[in-house]
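Hi,

I am handing this structure over to you. Please open it first, then read my notes below.

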Amino acid sequence: MSQTAYHPTTIYDISFGPLLLTSGDRLENVTLRYQLTGPPDAPVILVCHALTGNHHTTASQSESGWWDGLVGPSQYIDTNDYQILTFNALGGCDGSTGPTSTIPGTRTPYQADFPAITVRDMVHAQHMALKKLGITELKAVIGGSLGGMQVMEWGLLYPTFMEKLVILAATPVFSSYGIAFNHIAASNIKHDPDWKGGYYKRDDLPLKGLEMARMVGMVTYRTPELFRKRFDNNGTPEQSDVMSYLNYQGKKLSNRFDPNSYLSLLETMNLHDIGLERGGWKQAASSFQRPILILSFENDLIYEPETIKTFASTVPHATYHHIQTDFGHDGFLTEFEKWGSLIADFL
């Protein structure tokens with residue numbers, strides 16, 4: 001890693017369109033908000049975020065980054081050597097076009113009328129934005145979970161646009177188990193009376209249903225061992241501590257995230273299948289043209305390591321590593337000392 005230098009982290013919006021969606025619907029105008037940091041003449045790495053992430057990959061003056069410690073000056077993905085660009089995903093609620101956006105020609109937000117978005121739609125939108133920015137090639141595309149799904153589609157839709165791909169904690173098809181938990185989360189939101197069929201008012205927020213959905217997520221993203229280490233006292237669980245922790249996480253998300261965006265992105269994940277219209281996922285996996293680093297994480301309930309290992313064995317030019325962790329799926333968001341060097345060496 002090179003000597004630390006200061007490169008300002010900036011937030012921008014870029015608009016373009018029209019965007020024809022997989023569903024056949026059409027968004028006449030699309031805005032993506034993005035973060036950019038690093039030397040202006042350095043190679044660009046595109047980072048794709050997960051379900052409740054956003055474009056704040058690295059710390060800025062206003063907000064910490066969700067990958068601080070992995071991405072930054074003299075970190076494993078070194079912003080002295082690379083420009084790091086992250087879009088808030090299409091369908092999100094942090095400045096990009098999504099359910100909270102206003103329908104063109106009106107003063108009314110889309111809310112529940114926002115069209116279904118696929119991972120391929122997200123990637124097409126990002127590609128259009130990059131072209132408008134004058135970026136014609138990428139050093140790498142990197143992401144975990146929903147971000148990893150985007151990396152896969154990047155490698156199949158635009159196979160030579162980047163030099164390398166890094167996929168963390170993601171499978172080629174979203175699992176039935178993941179769909180089941182997403183259904184529980186979505187049902188909590190939709191059965192909240194304040195959701196009002198998706199046409200809630202600002203005064204109705206935050207929704208208790210979104211808090212409950214987040215609690216479901218926090219349990220499935222982590223492991224029993226992690227909960228034992230954090231909340232057991234001499235072998236006895238501290239019930240109040242567990243409940244307080246989940247209540248806190250639920251309130252924290254519901255205060256910053258839009259319920260309709262959450263539902264939209266859950267459905268995006270449910271629809272993920274790289275093999276759709278490509279002869280199945282194994283056929284699609286054999287089509288990647290660039291070197292790929294693939295990481296799985298121990299006790300990941302939603303993106304099972306065995307499935308990821310099988311996927312990696314099918315991909316040409318793939319390097320696979322399995323990471324031992326008590327964090328389960330959330331392993332890709334922490335303990336960078338265990339696996340960050342794998343990415344640094346691969347790049």
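Is arginine 228 buried, exposed or partly exposed? Arginine 228 counts as partly exposed, because its relative accessibility is 42% and the partly exposed class lies between 20% and 50%. Keep in mind that this is a predicted model.

Arginine 228 also forms a salt bridge with glutamate 225. Their closest N and O atoms are 2.6 Å apart. Both sit in helix 5 (residues 224-231), three residues apart, so about one helical turn separates them. Glutamate 225 is partly exposed too, at 28% relative accessibility.

The structure holds 12 salt bridges. Another one pairs glutamate 153 with arginine 278, with 2.9 Å between the closest N and O atoms. Glutamate 153 lies in helix 2 (residues 146-157), and arginine 278 in the loop between helix 7 (259-270) and helix 8 (281-285), so the pair ties together parts that are 125 residues apart in sequence. Both residues are buried. Salt bridges with shared partners join Arg120, Glu153 and Arg278 into one network.

Aspartate 204 and lysine 196 meet in a salt bridge as well, at 3.2 Å from N to O. Aspartate 204 is buried at 13% relative accessible area. Lysine 196 is partly exposed at 43%.

Now the helices. The axes of helix 4 (residues 208-221) and helix 6 (residues 239-254) come within 8 Å and cross at roughly 125 degrees. The two are therefore oblique to each other. Their crossing is right-handed. The residues of this contact divide into seven nonpolar, four polar and four charged. Among them are Leu210 and Met215 in helix 4, and Tyr245 and Leu246 in helix 6.

Best wishes

Methods:
Residues are numbered from 1 along each chain as its sequence is written. This is a predicted model: local features need pLDDT of at least 70, side-chain atom pairs count only at pLDDT 80 or more; totals for chains, interfaces and linings use all residues. Side-chain values use heavy atoms; hydrogens and water are left out. Axes are lines fitted to C-alpha atoms, for helices over the stretch in contact, and angles run from 0 to 180 degrees between N-to-C directions. Helices (H or I, at least four residues) and strands (E, at least two) are DSSP runs, numbered from the N terminus. Angles under 35 degrees count as roughly parallel, over 145 as roughly antiparallel, 65 to 115 as roughly perpendicular and the rest as oblique. A crossing is left-handed if the near helix is turned anticlockwise from the far one by less than a right angle, and right-handed if clockwise. Contact means heavy atoms within 4.5 Å. Ala, Val, Leu, Ile, Met, Phe, Trp, Tyr, Cys and Pro count as nonpolar, Asp, Glu, Lys and Arg as charged, and the others, Gly among them, as polar. A salt bridge is a side-chain nitrogen of Lys or Arg within 4 Å of a carboxyl oxygen of Asp or Glu. Buried means under 20% relative accessible area, exposed over 50%, partly exposed in between (1.4 Å probe, protein chains only).
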